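Me: I would like to learn how to read the packing of helices and the burial of residues in a model such as the one shown here. Could we go through it feature by feature?

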Amino acid sequence: MPDGRIGDTAAEVAQGLARAAMQRGDWQAVIQAFPERADLAPEAHEIMARACFALFDLPAMQRHVVAANEGYTARGSVLDMARTTLDNACGRLALDGDHAVCLGYIDRAAQLLATVEERAEHGWLELARALWVHHPRYAFEAAFESAQRAHALGVQHGDHALEAEGLAAMGFLAIHRGQVAEGLRQLDHSASLAATGYVRDPVSVATVIGQMLRACELIEDYTRSAQWFRTIERMHSDRPMPLLEGLVRNHLAHALIERGEWAEAERVLAMEGLATHYVRTQLEAERGLLRLRQGRLDEAETHFRAGGTSPYVALGLATIAFERGDAATARDLLERQLRNLPEVAILPRYRTELNLALMRAATGDMAGADAAAQAVTRLAAVAGTPGPRAAAAHSWGRIALLRGQHEQARVHFEDAIDGAQQAALPFREAVSRIGLGEALQLLGREAAGHAEREQGMAILSRLGAQPRVDALQRGLPFNASMQHMPEPAKLPLSARELEVLRLVAQGMSNKQVAAELHLSEHTIKRHVANILKRLDLPSRAAAVAFVAREGKL
C-alpha cells in the first residue's frame, strides 16, 4: 500500500496524534484519535485505512479506502485519487481475491497518473503492475523492469517503503528468471531494510518478508527464510504485527512443514482469521500437504480440493492417486499441469518435473522418466541449493532401482540423504533412507539395509507420520505405487516363478539363481521375463517389492 501524503485538515490535532501513534506502531491509538463521525476528511480515512490494515481488519480497511477515494474525488485531487485507487486495488485483491477488479483499478490509477508530474505514486503503480499484472502472466522480464522502476522512484522520492518493496520484488522476480544469486542478494538487502527500522510501515515490512518466504520456497532454502522471519519478529517484538502472519501464513506454514516442525505448523494452520482471500485458499493446500506427509490421505485430499489455485493442489492430488496405486492418473494430472507452465517458469516447473519423473517410471515409461529427471537436474542446478539437488538425486535413485541398477540407486540415495541433511529437510531424508535401505537389501547387504530403513522410520515417527511408520512395519514399501504395483488379484505366478523371485529378492543374479535351482541361466532369464510381463512391472526391483508387500515371499 502506498505511503501517501496526508494533508492538513480541520482535524489537524487528531491527525497529529494519529501520526505520532503511527510512528510508535500503536495502531489502536491511531483509530482512537479520530471521533466516530460520518464527515471525516479523506486524509483521516486514509490514516484509518492504514491502521485497519496494520491490525488486519480488512473489511474496515476497505471501507476507509473507499471513503478516502470518494473524498479526494470530490476535491478533484488527482494524485490522491490515484493513490487511493491503488489502495482499492490492493484491498479488493486481499479481501475477495477479485483479480479482474484489481486490474481495473490499476488501469484507472494509470490514467490518473498520466496527467500529473512523476511522483512516488508512479512507483507504486509500477509495483502493482509488476506483481498483479505481469507476474501472474509469467511475463517475468516486464515484471522485473516495472519493479526496477518502482525501486528507483522510491529512492528518488525518499519513499523508504517503496524502495524496500521494489527491491524485494526485484529479488523475487530475478529468482523466477533463474538469476538466483542476484535475487537472493536483493532480497537480503530489502529484508535488512525492514529489520533495522529503515522501513517502519507494517504493510511494507510484511510484504518484504513475504517476498523472501515465497522466493525461498521456490529454491527450497527454508533455513534462510526462517532466519529472516525470526529476525523480523525480534525487531518488532514491541509492536504486535497481526498483518505479518496474515499475509505470509501459508508460506510460513510451508517452511515449517518442510523443516519438520510439524507441531508449530499445526498451530499456524489452526489460527482463526488473519488471512487474505488468497492466503486462506493457500492454507488449505498446506493443510493437505501436512496430512499427506503424515500419511492421512483422505484428509489430505479434502484439503487439496479446497486449495484453489495453489501450485501444490495438482501435485498433492497426483501424489494421492499415485499412493493409491493409480500412477496413470497421477501422471496425467502432472503432465496437464506442466502444459500450463510456460518454459520461462523455470522454478515453478521443478516440482512438477520431479513428481513426473517418478510417475512416468512407475508406469513403465523409462524414457519419459529419464527426460523428466534430467529436467529436474537442470532446474536444481539453477536453484543452486541442496534441497533441489537432493530431490534430483532421489529421483535418479528411484529410477535406477526400478531398472534393477541397485548399485547406482545406492549412490543416488546416499547423495539425496546428504543433500536433505544440508537443507534441513527431515521428511525427505527419511524417504531417501528408506530407498537406500531397499537398494542395500537388493544388493544382499541385509543388515545395512535394515539399519537405513529403521533410521528412516525413526525420523518419520519423530515427525508424526505414524500411519506411514505403521505401513512400513507391516512390510509395505514407503510408497507402494512407486513400484508400479498391480492389484493382488493380478498375481498369476507359478510356484517355480515365486521360487525364482524369492532368490532374486535375496540379491542373486540370474547365474546364481540358476546354480541354486540346478537350472540353466537361460531358463532363469525366461522366468524373470515372464514374471515381469505377468505382473506388468518394469524391473526386477519392482517385482520384488510388490511380492514382498503381498507377503508371497
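Reply: Let us begin with a pair of helices, bearing in mind that this is a predicted model. Two packed helices are described by the angle between their axes and by the distance between those axes. Here the axes of helix α4 (residues 58–75) and helix α5 (residues 78–96) come within 9 Å and cross at roughly 155°. That angle makes α4 roughly antiparallel to α5, and the crossing of the two is left-handed.

Me: Which residues of α4 and α5 make the contact, and how do they divide by class?

Reply: On the α4 side the contact is made by L58, P59, M61, Q62, V65, V66, A68, N69, Y72 and T73, and on the α5 side by D80, M81, R83, T84, T85, D87, N88, G91, R92, A94 and L95. By class, the contact of α4 with α5 has 10 nonpolar, 7 polar and 4 charged residues.

Me: How should I read the pair α17 and α19: are they roughly parallel or antiparallel?

Reply: The approach is again to take the angle and the distance together. The axes of helix α17 (residues 311–323) and helix α19 (residues 348–362) come within 11 Å and cross at roughly 20°. Angles under 35 degrees count as roughly parallel, and α17 and α19 are therefore roughly parallel to each other. Their crossing is left-handed. In the contact itself, Y312, L315, A318, T319 and F322 of α17 meet R351, T352, N355, L358, M359 and A362 of α19, a set that comprises 7 nonpolar, 3 polar and 1 charged residues.

Me: Turning to a single residue, where is A345 found, and is A345 buried or exposed?

Reply: For a residue in a loop, one can look in turn at its place in the chain, its accessibility and its contacts. A345 is found in the loop between α18 (327–339) and α19, and with a relative accessibility of 0% it counts as buried. Leaving aside neighbours within four places in sequence, A345 is in contact with Y138 and F140. The C-alpha atoms of A345 and G178 are separated by 9.0 Å, although these two residues are 167 residues apart along the chain.

Me: Which residues of helix α27 are buried, and why can they be said to line one face of the helix?

Reply: The idea is to look down the helix axis and ask in which directions the buried residues point. In α27 (residues 510–517) the buried residues are N510, V513, A514 and L517. Seen down the axis of α27, these residues fall within an arc of 100°, so they line one face of the helix. The face of α27 turned away from that buried side carries the exposed residues K511 and A515. After α27 comes H518, whose phi is positive, near 55°.

Me: What does the accessible area say about R534, and how far is R534 from L493 in space?

Reply: R534 lies in helix α28 (residues 521–535), and its relative accessible area of 42% makes it partly exposed. R534 and L493 are 41 residues apart in sequence, while their C-alpha atoms are 7.5 Å apart in space.

Me: How many helices and strands does the chain have, and what share of its residues counts as buried?

Reply: The chain has 29 helices and 0 strands. Of its 553 residues, 58% count as buried. Among contacts in the chain with a separation of 6 or more, 63% are accounted for by residues 24 or more positions apart.

Definitions and conventions: Residues numbered from 1 in each chain as written. Predicted model: local features only at pLDDT ≥ 70, side-chain atom pairs only at ≥ 80, totals over all residues. Heavy atoms only, no water. Axes fitted to C-alpha atoms, helices over the stretch in contact; angles between N-to-C directions. Helix = DSSP H or I, 4+ residues; strand = E, 2+ residues; numbered from the N terminus. Parallel < 35°, antiparallel > 145°, perpendicular 65-115°, else oblique. Left-handed = near helix turned anticlockwise from the far one by under 90°. Contact = heavy atoms within 4.5 Å. Nonpolar A, V, L, I, M, F, W, Y, C, P; charged D, E, K, R; others polar. Buried < 20%, exposed > 50% of the residue type's maximum accessible area, 1.4 Å probe, protein only. Arc of directions from axis to C-beta.
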